Structure formats: C-alpha cells, structure tokens
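User: I've got this one open in the viewer and would like a close look at one part: the packing of its helices. Could you then carry on from there into whatever connects with it?

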Amino acid sequence: MKQRHSFAWMDLLWVFFLVGLAALPPSGQAPEPEPEFHKYLILFAIGLLQIFEHRFLESLPKRGRLYIVLLKICLGSLLVDHTGGIDSSYYLIYFLPVVTAAMYFDVWATLAWTILTCVTYWSFVIWKLTEYELTGEGAAELAIRNLFFFLAALIVNRFVTENRRQAERYRQLAETLAETNRQLEQAQEEARRSERLAALGQLSGGLAHELRNPLAVIKGSAETLMRKVADSDSITTELAGYISSEVNRMNALVTRFLDFARPHHLEQHEEQLPPLIERSLKAARDRWPDAKVEVERNFAPDLPKIMLDADLMERVFTNLALNAYEAMGREGGTLRVEAMPVTESRRGVKIIFQDTGPGIPAELREQIFNPFFTTKETGVGLGLSIVSKIIDDHRGSIHVTSEPGKGACFQIFLPEHEEANPAA
Ligand SMILES: Nc1ncnc2c1ncn2[C@@H]1O[C@H](COP(=O)(O)OP(=O)(O)OP(=O)(O)O)[C@@H](O)[C@H]1O
Ligand SMILES: [Mg+2]
C-alpha cells in the first residue's frame with residue numbers, strides 16, 4: 001500500500017517537471033509565438049516512459065534495462081533536435097539516460113552508456129560542421145557538458161552500488177539471524193524434551209522399580225505352583241505357565257523401561273564411530289534378514305574419536321536402524337548412514353540416519369521421543385526415548401526432519417572431548 005502511494009507521488013512529480021519543461025521557452029529565447037507540438041509530444045513520451053518504466057522492466061526483466069536506456073537516449077536526442085540541435089538548452093535531458101544507466105548497470109557499462117550518450121550529442125555538431133566551424137571555445141564548452149555527464153553517472157553509480165552492497169549485507173544478516181533463530185528454537189525444543197524425559201524418567205523409574213518385586217513374587221509362586229501340581233492338574237499347570245510367561249514379558253518390559261528411567265553410568269572411552277555403527281547395522285540386518293533394505297554408508301575419513309560409552313551408543317544406533325527397517329517394511333528401501341566431522345561452534349561428529357520410509361508427520365515429530373508413544377502394533381514406544389536419553393547423557397543432541405512421503409532423517413550430534421554428565 002505504502003509503495004503504491006509513493007509511486008503516485010513520484011509520478012505526479014514527473015508530470016509536474018515535464019509540464020514545467022514544456023511550458024518554459026528555451027533559455028535565451030523569447031517566449032515562443034506558437035506552441036511547439038513536437039516538443040510537447042516528445043516530453044509526453046518521456047513522461048510516459050518514466051512512469052511506466054517499472055512495469056516495462058517487470059515484463060522484460062532481461063533486456064528491459066537496455067531498451068529503457070536506449071529509448072531515453074533516442075527521445076532525448078529527438079528533443080534536442082527539435083529544440084535547436086547543438087544550441088538547444090534541452091541538452092540536459094541527456095542526464096536522464098546517463099543516470100538511468102548508472103542505476104541499472106555496473107561501472108564499466110555505465111561508462112559505455114555515457115560515452116554513447118556523448119557521441120550522440122556530438123553527432124549534432126558533426127552534422128553542422130558543413131555549415132559552421134567548431135571554434136576552440138565551442139569545443140571546450142561541449143567537452144565540459146560531456147564531462148558533467150560522466151560526473152553525474154559516476155556519482156549515481158557509486159551511490160547505487162554502495163546501496164546495493166548495503167542491501168546485500170542486510171539480506172545476509174537477516175538470513176544469518178533467521179538461521180540462528182531456527183537453531184535457537186531447535187535447541188529450546190531439545191532442552192524441553194530433555195526436561196520432560198528427565199521428569200518422566202524419575203516418576204516412572206520409581207514405579208517400574210516397585211513393580212519388580214511383586215513380579216518376582218508372582219513368577220516364583222507360579223513356578224512353585226507348576227512344580228507342585230505338575231502331574232495331577234493339567235489345567236492349573238497350563239494357567240500357571242501363562243502366568244509365568246506373561247510375567248516374563250512384563251519383566252522384559254520393566255527392564256526396558258528401567259533402561260530409559262534409570263540414570264546411566266557412562267563408561268566412556270575414546271572410540272571410533274564407524275565400527276560401532278557397523279555393529280548396529282548388522283544387528284538390525286540380523287533382526288530383519290529378509291528385508292529389502294539397501295544400506296548406503298558415507299563415513300568421512302577424518303572422523304575424530306569421540307568419548308563415549310560404546311554399549312549405550314551402539315544401542316542408540318541399533319534403535320535408529322531398527323526403526324528405519326520397520327518404517328520401510330516389506331517394500332524395503334534405502335537406509336543411508338552418514339558420519340562427518342563438525343568443526344563449527346562445538347567440535348564433534350554429526351551422524352545421520354536417513355531412510356526412504358513413509359516419514360513422520362510434523363505434528364508427531366516431538367511426540368515420538370515420548371516414552372510409550374508408538375504407532376506400531378507390536379511396538380512399546382521406548383526406543384527413541386532411550387535414544388534421546390543416552391544422547392543427552394553424552395551432552396549431544398538429536399533431532400528429526402521429515403518431509404511426508406520422503407522418509408525420516410535423524411541427525412545426531414556428539415561432542416568431541418567434552419566430559420559427559422558425570423551425574424548421569
Ligand atoms: N524411521 C522412522 N520412520 C517413520 N516413523 C518412525 C521412524 N522412527 C520412529 N518412528 C515413529 O516413532 C515412533 C516411536 O519410535 P520408538 O522407537 O520410540 O518406538 P517403537 O519403535 O514404536 O517401539 P520400540 O519401543 O519397540 O522401539 C514409532 O512408533 C514410529 O511411529
Ligand atoms: Mg523403535
């Protein structure tokens with residue numbers, strides 16, 4: 001809205017100046033006895049070109065600028081020609097193409113356009129050389145006028161170039177700010193997740209721990225019952241067998257849950273990541289031997305060693321690989337695993353697990369890290385919460401990006417030398 005408003009003002013100013021030019025007689029001459037329609041027509045054409053210049057440039061983005069400057073030189077020359085040729089005081093109209101070129105082109109092109117404008121102006125002298133003689137004084141006057149064209153062109157060009165540079169600097173600054181903002185939001189999201197998982201871990205760790213003893217008692221009782229009535233009562237034996245196997249399942253669940261809830265005591269050593277990742281990929285392949293999944297690896301040769309707990313980190317990679325295999329299901333796909341050094345603000349390694357499965361909808365991208373969130377029939381929903389917890393304990397970070405239908409991409413960052421949280 002505001003832009004349109006200022007455009008209207010500019011247009012009005014143009015009309016005002018051109019009407020002024022049309023109304024005034026050339027300097028040094030008496031007011032014209034009769035109106036000069038040619039002059040009005042040319043000024044009108046210049047006005048139209050000026051007002052519609054932006055629209056013209058929009059419709060002809062490539063060559064529009066070139067045509068505009070050429071048209072301005074032509075219209076300027078027509079005006080000068082119709083108002084007395086080399087003697088016309090309208091020669092100042094040549095500032096128009098010169099300044100326009102300075103606005104649109106670089107310094108060399110601006111100089112070339114200014115030379116062309118000067119040559120056009122000088123051509124009025126050349127035509128007249130058969131009738132008049134060019135005095136030294138006249139040539140000096142013409143040279144001064146031409147030099148002013150160059151002066152104006154260079155000043156405007158410098159100003160516009162500086163302005164463009166400034167605008168580019170602001171654009172880059174805005175991009176950096178937007179990127180920093182995005183990283184900040186991501187860090188906040190990860191911090192919120194860590195807090196949430198820590199609180200949930202504390203709460204449910206206690207509960208899981210309390211469940212263990214009664215489960216042990218139930219299991220022990222069921223086994224005793226099975227032994228006592230082993231031959232006499234087959235139904236009781238069968239029911240006691242169910243109790244025992246279900247208790248086993250519950251025990252396994254509680255153990256997994258405690259994995260998530262219990263603080264991990266890290267046994268850290270400097271480790272190379274590729275062998276760890278390979279072991280995890282093998283574990284996933286052994287779990288799904290018939291899956292039509294192709295694994296692509298891209299491990300940078302200059303990966304630094306990382307202080308980490310190898311068992312826990314292997315669990316992280318195994319969970320991610322299993323999730324990818326499960327996501328790609330029977331149709332199969334490609335699992336791309338990358339590892340590269342990071343040398344920016346925090347030094348370390350970035351590991352990427354990218355699959356070609358169905359991806360993760362945006363609204364679930366944070367929830368998948370919550371314990372017991374699963375979309376799988378046989379899933380427990382603890383894999384990623386354990387992954388997230390282990391990465392937190394190593395002072396790293398994990399986040400997921402996913403375009404629906406294009407697979408999921410889990411990105412992990414592990415810091416190089418920082419000591420992991422000793423309290424963890
Ligand atoms: N690579 C992936 N592609 C698509 N969805 C995924 C992917 N990885 C995880 N998910 C989604 O995140 C959910 C949670 O994953 P998580 O590993 O925590 O649990 P799970 O795999 O369902 O069960 P489990 O406890 O056996 O690992 C999954 O149920 C699935 O919906
Ligand atoms: Mg899982």
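**Helix packing, and on to the ligand and the sheet**

Analyst: Let's start with α4 and α6, which are roughly parallel to each other. This is a predicted model, so read everything here as a description of that prediction. Helix α4 covers residues 64–82 and α6 covers 107–128; their axes cross at roughly 20 degrees and come within 11 Å. That is under the 35 degrees that marks the limit for "roughly parallel". As for handedness, the α4/α6 crossing is right-handed. On the α4 side the contact is made by Val69, Ile73, Ser77 and Val80, and α6 answers with Trp113, Leu116, Thr117, Thr120 and Phe124. Sort those by class and you get six nonpolar residues, three polar ones and no charged ones.

Now stay on α4 and look at its other partner here. Helix α5 (residues 95–104) packs against α4 with the axes 8 Å apart, at an angle of about 170 degrees. That angle makes the α4/α5 pair roughly antiparallel. From α4 you'll find Arg65, Ile68, Val69, Lys72, Ile73 and Gly76 in this contact, and they meet Leu96, Pro97, Thr100, Ala101 and Tyr104 of α5. The class split is seven nonpolar, two polar and two charged. Val69 and Ile73 are worth clicking on: they're part of the contact with α5, and they also turn up in the contact with α6.

Next, swing over to α7, which runs over residues 136–228, and its meeting with α11: the two axes come within 10 Å and cross at roughly 110 degrees. Since 65 to 115 degrees counts as roughly perpendicular, α7 and α11 are therefore roughly perpendicular to each other. Arg193, Ser194, Leu197 and Gly201 of α7 face Ser385, Ser388, Lys389 and Asp392 of α11. By class, one residue of this contact is nonpolar, four are polar and three are charged.

Helix α11 is also your way in to the ligand. Both α11 (383–393) and α10 (310–328) put at least two residues into the shell around ligand 1, and α10 gives the largest share, four residues. In total 20 residues surround ligand 1, the closest being Ala327, Thr374, Gly379, Gly383 and Leu384. Nine of the shell residues are nonpolar, nine polar and two charged.

Finally, the strands. Five of them make an open, mixed sheet, ordered β2-β4-β5-β7-β6. Strands β2 (293–299) and β6 (397–402) are at the edges with a single partner each, so one side of each has no neighbour in the sheet. From one strand to the next, the twist averages 15 degrees.

Walking in from the β2 edge, β2 pairs with β4 (residues 333–342) in the parallel sense over seven bridges, and Val295 has Leu335 as its bridge partner in β4. Then β4 runs antiparallel to β5, again joined by seven bridges; here Val337 partners Phe353 of β5. Between β4 and β5 there's a hairpin connection through five residues. Strand β5 (residues 348–354) is in turn antiparallel to β7 (residues 408–415), with seven bridges between them, and one pair to pick out is Ile352 with Gln411 of β7.

Methods. Residues numbered from 1 in each chain as written. Chains lettered and ligands numbered in written order. Predicted model: local features only at pLDDT ≥ 70, side-chain atom pairs only at ≥ 80, totals over all residues. Near = placed C-beta within 6 Å. Nonpolar A, V, L, I, M, F, W, Y, C, P; charged D, E, K, R; others polar. Axes fitted to C-alpha atoms, helices over the stretch in contact; angles between N-to-C directions. Parallel < 35°, antiparallel > 145°, perpendicular 65-115°, else oblique. Left-handed = near helix turned anticlockwise from the far one by under 90°. Contact = placed C-beta atoms within 7 Å. Pairing = 2+ DSSP bridges.
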